[in-house]
Amino acid sequence: MNAIEFVGVHKWFGSFHVLRNIDLEVRPGERIVVCGPSGSGKSTLIRCVNRLEEHQRGTIRVDGIELTADVKRIDEVRREVGMVFQQFNLFPHLTILENCTLAPIWVRKMPRREAEEVAMRFLGRVKIPEQAHKYPGQLSGGQQQRVAIARALCMSPKIMLFDEPTSSLDPEMVKEVLDTMTSLAQDGMTMIVVTHEMGFARQVADRVVFMDQGEIVEINAPAEFFGAPKHERTKAFLSQILR
Amino acid sequence: MAAPANSAAWVRTRSEPALPAPLFSRGAFAWARANLFSSLSSSLLTILMLALALWCAPPLIEWATVKAIWSAPDGATCRAHQDGACWAFIAHKINYLRYGSYPVTERWRVGLTEILGASLTVWLLWPGARHRDIGAGLFFLVFPIVAFVLLVGWESLGLSHVDTLLWGGVFVTLVTALVGIVFSLPLGVLLALGRRSHLPVVRLASVIFIEFVRGVPFITVLFMANNMLPLFLPAGWEPDRFMRPLVGIVLFSAAYMAEEVRGGLQSLPGGQYEGAMALGLHYRNMMRLVVLPQALVLVIPGIVNNFIGLFKDTTLVAIVGINDFLATMDNATKDTIWSGPTIQPTGYAFAALFYFVFCYAMSRYSASMERRLGQGRRR
C-alpha cells in the first residue's frame, strides 16, 4: 500500500486553477522533494495531504484512508501526518515542552507524565532538551523550527510534511534544521519536503518532483534531475537557481 | 580607528570596548529637561499646568480635610460650616449606604458574603496563589449558591427571607457588577465564536443579537429586560425584580464583549489555527487551548475597558427601581435631619471616590496582568 496517493487531483482557488490533474504515489519510507517556482502549487499540494486545503476533483489517499469531507477520516489522517511550516507556527503562549505535549495529551489521550517523557526524548533528538521550559519567543529561528519538528514527531506520525521549513530562517541557521531533517530521513521516515535547498534534495531525496503552473512537470531521481533534466521548463528552472 | 584611505582592505586588530552611557542622559535633571522643558512651548505648558494645579488643588484638599466636619450628631454643625465637606454625614449613613434597607439584624449575612467574595477574588487574581483551579471552582460554582442562600435567605436553615425590594447600597452595586462581569465574558466569547462560525445559522443568530443589542441604548435594554422578560417566561413564573436588570446588564455587556473578543480572534495569525489543526486538535480544543488563550490576552485592555464601563453602568439600574449605591446616596442626602448645602457635594464626592477606587484598581490590575501574560509573546 502506498503511503500517499494522488489520482487525478484538481484544485481551484475561486476560478484560479492551482492544482491540475496531479498524479503522484509516495511509497512508505520514501523521501520526496518538491520544488518549483513560487506560485507553482507546491505548498498547496502538500497542504492537501492533511486537508488544510480541500481538493475539488480526484482522489487523495493517505495511509489507505481516502480524504473526503468526512471529519472522522480527516482526524485519522491528521493523527498520522505531521507537518512543519515555514513560519514554525509554534504556540507562543505555551512553553516548548507544553507545545510538544499538547497534541499527545489532547488528541492521543496520553497521560501527561508519559507525554512529557516522549517530548523530552524528541527534544533531545533535535538537540535542544535544555530549552524545554522556555517560551518560543526566547529561541532563535533555527531552534524554533527544530522544536516544531519535535512537536510533530511527538505524535509519532507515519508521514512528515515540510512546507519550506528553512525559507524564513537566517542563513546561519539553515544547516541545523536541514541536519535534523536528514537524520530523520536516515531513520526511514516517509517525507514530502517543499524546499529550495537543492543540496538537501540532491543528498536526501529518493525522487525530486518539479512543479510549474499547478502541474507536475517532471519526476526524477536526484542524480538525473540535476544531471540530465528532461523537460525544457525543468532545465530553465535549474539554470535559474543553480548558477 | 578609521580605515586608512589609501588602502581598500582593513582588518581589526583589537575589539571596541562597551562603554557606559554618558552621564547627562540619566537622572532626574535629565528627565525633567527631556520631558518638561524640551522646548519653549513645552516649558510654557509645564509652567501653566503647574500654576493650574496650584490654583485648584489646595482649596479642594482644604475643603476635603482641614475645613471638613468629621463628626457631628446631626446636620446643624455642617450647616454652620459651609466651606468644608460634611464627612459626619457619610459616617452617620455608612450602614444605610452599605446595606440599603436590608434588615439590621440580618446584615451580617451581607458582610459574610462580601468577605467570602473578596477572599475568593483575591485568591483568583493573586499571581502567585496556589490551587487557583480550586479557587475558580469555588468562585464560579459554590460561591454563587452560597451568596444566593445568604442574601435571599433559606427558611429551613434559619435564614429568614429578605425580599430584594429591601436590598440596596454598595452590596447591590457589587452584586450587579460581579454578575455582569462573570457572565458577560463567557457569553461574549461564545457570541464572538458564533459570529466567526462556519455554520450560517449560528453566525446569523450571533450577528443579529450583537448588532441589535449594540444598536439600542443601555436604558432601553434595562426597560426591555424589566418589562419584556416576564413575557418570555411561562405564565406565573414572575422573575425577581432585581434579576431582570441583571439579565439586561449581562446581555448588554456580552454584545460589547463579543466584539472585543472577535478583534482578538482576528488579530491572531492564521498559522496558529493551521498549526493546531495539523496536530489533529478538534475545533473545541483548538479554541480552548490555542486560540482563545492568545486572543483574550491580546484584548485584555478592551475587556477591562468593558468591565470598567459595566461597573459604572450599574448606576443605571436605579432607573428600573433598584437601589444601587448611587441611588441610596441620593436617598440619604434627602434626610431632613442632615439637609444643608454641603450634604450633596459631600455625598457625590464620596460616591465618585468609591467608583474611582474600584475602576482604577481594575485598570492597574489589567496593566500588571498584561505585563505578566505578555512574557511568552515577547520576541
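Contact here means heavy atoms within 4.5 Å. The structure above is a predicted model, in which local features need pLDDT of at least 70, side-chain atom pairs count only at pLDDT 80 or more, and totals for chains, interfaces and linings use all residues. Residues are numbered from 1 along each chain as its sequence is written, chains are lettered from A in the order in which they are written, and side-chain values use heavy atoms, with hydrogens and water left out.

**Exercise 1. Place the helices on the sheet of chain A.**

Step 1. Helices (H or I, at least four residues) and strands (E, at least two) are DSSP runs, numbered from the N terminus. Two strands pair if DSSP finds at least two bridges between them. Reading across the open sheet of chain A gives six strands, β6-β7-β8-β3-β9-β10, with mixed pairing. At the edges, pairing on one side only, are β6 (81-84) and β10 (215-220) of chain A.

Step 2. Now zoom in on one edge. β9 (207-212) and β10 of chain A form an antiparallel pair with five bridges, and F210(A) has E218(A) in β10(A) as its bridge partner.

Step 3. Add the helices. Angles run from 0 to 180 degrees between N-to-C directions, with axes fitted as lines to C-alpha atoms, for helices over the stretch in contact. Helix α6 (171-186) of chain A lies across β3 (31-35), β7 and β8 (190-194) of that chain, at about 150 degrees to β8(A). α5(A) lies across β6 and β7 (159-163) of chain A and runs at about 170 degrees to β6(A).

**Exercise 2. Find the cavities and describe their linings.**

Step 1. On a 1 Å grid over the protein atoms alone, a cavity is a set of points where a 1.4 Å probe fits but cannot get out; lining residues have an atom within 4 Å of a point. Points are joined across faces, edges and corners, and a volume is the space filled by probe spheres set on them. Two cavities reach 30 Å³ or more.

Step 2. Take the largest cavity, with about 40 Å³ of space. Its lining includes M83(A), F85(A) and R151(A), along with L279(B). α5 (141-153) of chain A and α11 (270-278) of chain B each supply at least two lining residues; α5(A) gives the largest share, three.

Step 3. Turn to the second largest cavity, holding about 30 Å³. Among its lining residues are W167(B), R241(B), F242(B) and N323(B).

Notes. 1 Å grid on protein atoms, 1.4 Å probe; cavity = no way out; pocket = protein on both sides within 12 Å on 5 of 7 lines; lining within 4 Å.
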